[in-house]
Amino acid sequence: MSADAPNSDAVIKLDSVRKEFGAFVAVQKADFSIGKGEFFSMLGPSGCGKTTTLMMIAGFDMPTSGRILLDGDDVSTVPPYKRNVNTVFQQYALFPHMSVFDNVAFGLKSKKVGSAEIKSRATDMLDVVRLGEFAHRRPAQLSGGQQQRVALARALVNLPSALLLDEPLAALDLKLRQAMQLELKRIQREVGITFVFVTHDQEEAITMSDRIAVMSSGVVEQIGTPEEIYNSPASVFVAGFIGTANLLPGVCDSVDAGAAGVKLPSGAVLKGAHGDNGLRAGAEATLMLRPERLTIGPADGPAPSSGDGVLATVTDLIFQGPSQRVILQTDDGAEIVAHLSASDSSSGRPGDKLWLSWAPGAAYVLCGHPAHAGATTTNIDQVEATL
């Protein structure tokens, strides 16, 4: 998908933006735009450049080269307080001596807005974040999730062109974080303001975003909708970073308009769909399989009648409530994860040899090889490297 906003009304545009800190290049080249009313996430591991990019949009860092446009105006050298954007950080920095209402109204009072309008706008915004009844409390009397909503209301009440959020959910526990993902999306839709969200959590980005920019080592690897990035990743890195993927490296055997073949070390040739990613016969290639698209059958049964399949041995079964995770190992040593329903009895037991198969079109072929073959969530070194 294009790096341009889905509509021509771009609120933010990064034009060949580069950021250097001495000899270190934090952002190599950022070229994309963010549309009006869009929920846009920048996703990637620590040190990938996503927060630096956000800080340049906010004005706390200046680009080494390139331009940042806000509502069509070049703001590359404009200080933060003169940009019509507000930022919410991990630490909400609420004023402890002020009430919730006064925290929200603080920016309006600083701009000398009339008292009647201050009362109306601050009250309306507290209603949007569902905290109207807490207007007279102090921040210390609120939960973490409530404090975050106060910080959001304080930032949004000034009606910025965009709200910038730097991992604001990181300090919350799991269930509250999941609930706040839905709450953030609801608030964004209700106020209609562009949100630019930085996170290293794939679930957060996929749950909330209209589009996602996946970053690695200062480079924007891919920009697209959650569905595009999950089902049609642009690189082996994106495939492994987004969700769980089984990555089987080999050599590209054939390429045509509909599918590409990958010859594995075992000699088997497996086919999958592919994008416009420069695949060519004889080059290194990787077959990507998502765990939820795999089916399992007995090894002594018939080979898959449609699609492709490989033989693998069950090494572990993990119960996860509504589903079960089956970990298997292929004959050439690659570990594969399959996700089945908890009631599926075809998973076998550790030591059983089974057919792993998938429907035509369920696999996807990428250029290059991963650092580790097989599942991306079973190797501790690989998982730590993505964080």
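# Structural report on a predicted single-chain model

The secondary structure of the chain comes to nine helices and 21 strands. The model is predicted, and every value below is to be read as computed from it. Of the 387 residues of the chain, 49% count as buried, and the C-alpha trace spans about 80 × 45 × 35 Å along its principal axes. Among contacts between residues at least 6 apart in sequence, 67% join residues at least 24 apart. One pair illustrates the extent of the chain in space: Lys-119 and Gly-267, which are 148 residues apart in sequence, lie 72 Å apart from C-alpha to C-alpha. Lys-119 is found in helix H3 and is exposed, with a relative accessible area of 57%.

## The nonpolar core

The largest nonpolar core has 38 residues, and those with the most contacts inside it are Leu-126, Leu-163, Leu-165, Leu-184 and Phe-195. Two or more residues of this core come from each of helix H2 (100-110), helix H3 (115-128), helix H4 (144-156), strand E7 (162-166), helix H5 (174-191) and strand E8 (194-199). The largest share, six residues, is that of H4.

The surroundings of Leu-163 give a residue-level view of this core. When residues up to four places away in sequence are not counted, Leu-163 touches Asn-86, Val-88, Leu-152, Ala-155, Leu-156, Ile-193, Thr-194, Phe-195 and Val-196. Of these partners, Phe-195 is itself among the residues with the most contacts inside the core, while Asn-86 and Ala-155 appear again in the pocket described next.

## The largest pocket

The largest pocket has a volume of about 640 Å³. Its lining is made up of 25 residues, and Val-85, Asn-86, Thr-87, Ala-155 and Asn-158 lie nearest its centre. By residue class, the lining divides into 14 nonpolar, seven polar and four charged residues. Strand E6 (85-88), H2 and H4 each supply at least two residues of the lining, and E6 gives the most, with four residues. Helices H2 and H4 thus serve in both descriptions, since each gives two or more residues to the largest core and each supplies at least two residues of the pocket lining.

## Cysteines without a disulfide

How many disulfides does the model hold? The count comes to zero. Cys-252 is in no disulfide, and the nearest cysteine sulfur, that of Cys-367, is 7.8 Å away; because a disulfide requires a pair of cysteine sulfur atoms within 2.5 Å, this pair does not qualify. The two residues can also be described by their accessibility: Cys-252 is buried, with a relative accessible area of 2%, whereas Cys-367, at 29%, counts as partly exposed.

## Helix H1 and residues with positive phi

Helix H1 (residues 50-58) is mostly covered, with eight of its nine residues buried. These buried residues are Lys-50, Thr-52, Thr-53, Leu-54, Met-55, Met-56, Ile-57 and Ala-58. Just after H1, Gly-59 takes a positive phi of about 100°.

Most residues other than glycine have a negative phi. Two residues that are not glycine nevertheless have a positive value, namely Ser-16 and Asp-71, and their settings are set out below.

| Residue | Phi | Location | Relative accessibility |
|---|---|---|---|
| Ser-16 | about 50° | strand E1 (residues 10-21) | 29%, partly exposed |
| Asp-71 | about 55° | loop between strand E4 (65-70) and strand E5 (73-74) | 46%, partly exposed |

Ser-16 therefore has its place within a strand, at an accessibility of 29% that lies between the limits of 20% and 50% and makes Ser-16 partly exposed. Asp-71 lies in a loop, and its 46% falls between these limits as well.

## A buried serine in strand E9

Ser-216 lies in strand E9 (residues 211-216). Is Ser-216 buried or exposed? At 12% relative accessibility, Ser-216 counts as buried, because this value is under 20%. Leaving aside its neighbours within four places in sequence, Ser-216 is in contact with Cys-48, Glu-221 and Phe-237.

Definitions and conventions: Residues are numbered from 1 along each chain as its sequence is written. This is a predicted model: local features need pLDDT of at least 70, side-chain atom pairs count only at pLDDT 80 or more; totals for chains, interfaces and linings use all residues. Side-chain values use heavy atoms; hydrogens and water are left out. Buried means under 20% relative accessible area, exposed over 50%, partly exposed in between (1.4 Å probe, protein chains only). A nonpolar core is a set of buried Ala, Val, Leu, Ile, Met, Phe, Trp, Tyr and Cys residues joined through side-chain atoms within 4.5 Å. Contact means heavy atoms within 4.5 Å. On a 1 Å grid over the protein atoms alone, a cavity is a set of points where a 1.4 Å probe fits but cannot get out, and a pocket is an open set with protein on both sides within 12 Å along at least five of seven lines; lining residues have an atom within 4 Å of a point. Grid points are joined across faces, edges and corners, and a volume is the space filled by probe spheres set on the points. Ala, Val, Leu, Ile, Met, Phe, Trp, Tyr, Cys and Pro count as nonpolar, Asp, Glu, Lys and Arg as charged, and the others, Gly among them, as polar.
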